[in-house]
Each structure stands twice: as C-alpha cells, then as structure tokens.
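Hi everyone, thanks for making time. I've got one structure to walk you through today, so let's put it up on the screen.

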Amino acid sequence: MNRPTTVRSGIDRLLARARARLERIGPEEAAAEIAAGEALLVDIRPAAQRAREGEFADALVIERNVLEWRLDPLSDARITEATGPDVRWIVACSEGYTSSLAAASLLDVGLTRATDLEGGFQAWLRAGLPVKGAGAPGGSS
C-alpha cells in the first residue's frame, strides 16, 4: 500500500530556511534585551493589524514593505537608529511568521545581529509584557 508523502509547500520550505539562519528569541528574553538597551524591537505589522490587535509599548513601527531601506545603515532612507551592521534588531509581526522572513532578509542586507520574536505580538501579549491599545489590559477590543 502506498502511503501519501508529506509535501511541504514552497512557503514552508522558505520559512524553514529563514529560521535555520536565525537565533530566534522569546518574548521574555527580548524584553530583557530591550530593557537593557541591547536591542531594538521593530514592529512590521500593518497599521490596521496594529489597531485591531494592539501595539508593543516600546517598539519602532516600520511596516514590512520598507524595512530593509529603513534599517540598512548605508541606505539614504535609513532611520537614525540604523547606525551600523551590528545593531541588534528584533523583528516582530503578529505570530512570528512574516518576521522570520523579514529578519532573514535583514541578514542578507548585512545586519548580522538581526533576529525575530518567536510567536510575535501574540506571544508577547500572552507573556503579559507591556502593550498598548486593543491588546492592553483595559484597552479597546
């Protein structure tokens, strides 16, 4: 009897390759690095998603479509925090999928310490870490 072969989609393979290159970080460890001034958190979720879910209390908001240009220290469109290739960037999305692809792209740009937040905003929220807006205690739903 032939058993069906598990076939992974192209995006599953792409995601696995991206994550194999990253040292992903959990919410508590990320919060500690951010509090110690060792890392910057970047929220890449679109505005509508941030409005619906809530926001990190202390994150730079840079939507995915311009991320590499804003964080590349050699780009004319960089933000002031993009001071060199050794900045510790922690990229976050809603659940930690898009952020893995984005962080791998930052590695390709030469940002050697880039990584992503495992579980994204949802994991941050479940960990009880600071948020504002819809996901915050007492925030709008």
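Before anything else, one term: when I say two residues are in contact, I mean they have heavy atoms within 4.5 Å of each other. With that in mind, take the contacts in this protein between residues at least 6 apart in sequence: 65% of them join residues at least 24 apart. And please keep in mind that what you're looking at is a predicted model.

Okay, the layout. How many helices and strands are there in the protein? Six helices and six strands. If you read along the sequence, the pattern goes α-α-β-α-β-β-α-β-α-β-α-β.

Next, overall dimensions. The C-alpha atoms fill a box of roughly 60 × 40 × 25 Å, taken along the principal axes. The radius of gyration is 16 Å, and for 141 residues you'd expect a compact globule to come out near 14 Å, so the two agree.

What about inside versus outside? Buried residues account for 44% of the 141. As for the outside, the accessible surface is about 7,900 Å², and carbon and sulfur atoms own 50% of that.

Quick word on charge. We have 17 positive and 20 negative charges, and if you take the mean position of each set, those two points sit 7 Å apart.

Now for the bit I'd like you to zoom in on: the aromatic rings. The structure holds two aromatic pairs. In one of them, the rings of F56 and F121 have centres 5.1 Å apart and planes at 90 degrees, so we call that pair edge-to-face. Where do those two residues come from? F56 is in strand β2, residues 55–56, while F121 is in helix α6, residues 120–126, so this pair ties together parts that are 65 residues apart in sequence. Both F56 and F121 are buried.

The other pair brings F56 back, this time with W124. That one is edge-to-face too, at 5.2 Å centre to centre with 75 degrees between the planes. W124 belongs to helix α6 and F56 to strand β2, so here the pair ties together parts 68 residues apart in sequence. W124 is buried, just as F56 is.

Put the ring pairs together and you get a cluster of F56, F121 and W124. So if you're finding your way around for the first time, try starting at F56 in strand β2 and looking across to F121 in helix α6.

That's me done, happy to rotate it for anyone.

Key. Residues are numbered from 1 along each chain as its sequence is written. This is a predicted model: local features need pLDDT of at least 70, side-chain atom pairs count only at pLDDT 80 or more; totals for chains, interfaces and linings use all residues. Side-chain values use heavy atoms; hydrogens and water are left out. Helices (H or I, at least four residues) and strands (E, at least two) are DSSP runs, numbered from the N terminus. The radius of gyration is taken over C-alpha atoms; the globule rule is 2.2 Å times the number of residues to the power 0.38. Buried means under 20% relative accessible area, exposed over 50%, partly exposed in between (1.4 Å probe, protein chains only). Accessible areas come from the Shrake-Rupley method with a 1.4 Å probe; for residues, only the protein chains shown count as cover. Lys and Arg count as positive and Asp and Glu as negative; His and the chain ends are not counted. The place of a charge is taken as NZ of Lys, CZ of Arg, CG of Asp or CD of Glu. Rings of Phe, Tyr and Trp (its six-membered ring) pair if their centres lie within 6.5 Å; planes under 30 degrees apart count as stacked, over 60 as edge-to-face and the rest as tilted.
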